[in-house]
Amino acid sequence: MIDTALNYLNNGSAITLLVLLTLSTYFIICFWLFIYRYMTLNTMVFNEKKSLEALTSRGASLSPLSALNKCSSTVHTKEILHACEISIIKDASSGITWLSIISSTSPFVGLFGTVVGILESFAKFSSQTKVGFSIIAPAISEALVATAAGIFVAIFAYSFHQVLVRKVYELNIYLKAQSEILIAKG
């Protein structure tokens, strides 16, 4: 397996290697963003859930850990709470757009690498008089590695994007529920 990978890297063109390097960078960014944002969002959702439970069960005020508590004053007007919600959701969803960009562009980056690999293979075969399927097949399969890598990266990026969007939605629900309670108590 390692020999095959090294052989692929040794025989690959500069563009193919650049495509694989780009996809590897995408993959690393994708995982880093997901882990960082998921942990942050989990903490925020947990804090807002606890704050909502405190508001509904004890009739107390906002929890000191609630993001709404940090940006709203003692006067809880509808406008101030709505502005706070928007600010919190904007901050919570930062970086998620990059996952969307990675999931939509990585298959095209991989496809570009495949097209270049196939073109290079045909250029090599043009100097030969007889080319059989046994010679063409390995060259084409090597070129298809880039498309497979692009799709592989896109699967993770899209899945991570969906998970984080759901977490932001969950956070938004907790924030809106707390705002409605605070306005009703107002």
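This passage looks at confidence, two buried residues and the aromatic rings of the chain.

The model is a predicted one, so local features need pLDDT of at least 70 and side-chain atom pairs count only at pLDDT 80 or more, while totals for chains, interfaces and linings use all residues. Residues are numbered from 1 along each chain as its sequence is written, and side-chain values use heavy atoms, with hydrogens and water left out.

Confidence comes as pLDDT, the predictor's score for each residue from 0 to 100. Its mean over the chain is 87, and 91% of the residues reach 70 or more. Among the elements (helices are DSSP runs of H or I with at least four residues, strands are E runs of at least two, numbered from the N terminus), helix 1, residues 2-11, has the lowest mean pLDDT, at 68, and helix 2 the highest, at 92.

Helix 2 spans residues 14-57 and holds Glu48. With a relative accessible area of 2%, Glu48 is buried (under 20%; exposed is over 50%, partly exposed in between, with a 1.4 Å probe and protein chains only). Leaving aside residues up to four places away in sequence, Glu48 touches Leu65, Ser66, Ala67, Leu68, Leu171, Tyr174, Leu175 and Gln178, where contact means heavy atoms within 4.5 Å.

Over in helix 6 (residues 133-185) sits Thr147, which counts as buried because its relative accessibility is 17%. Its contacts, under that sequence limit of four places, are Gly110, Leu111 and Thr114.

As for the rings, Phe27, Phe31, Phe34, Tyr38, Phe152, Phe156 and Phe160 make up one aromatic cluster. Rings of Phe, Tyr and Trp (its six-membered ring) pair if their centres lie within 6.5 Å; planes under 30 degrees apart are stacked, over 60 edge-to-face and the rest tilted. The count comes to 10 aromatic pairs.
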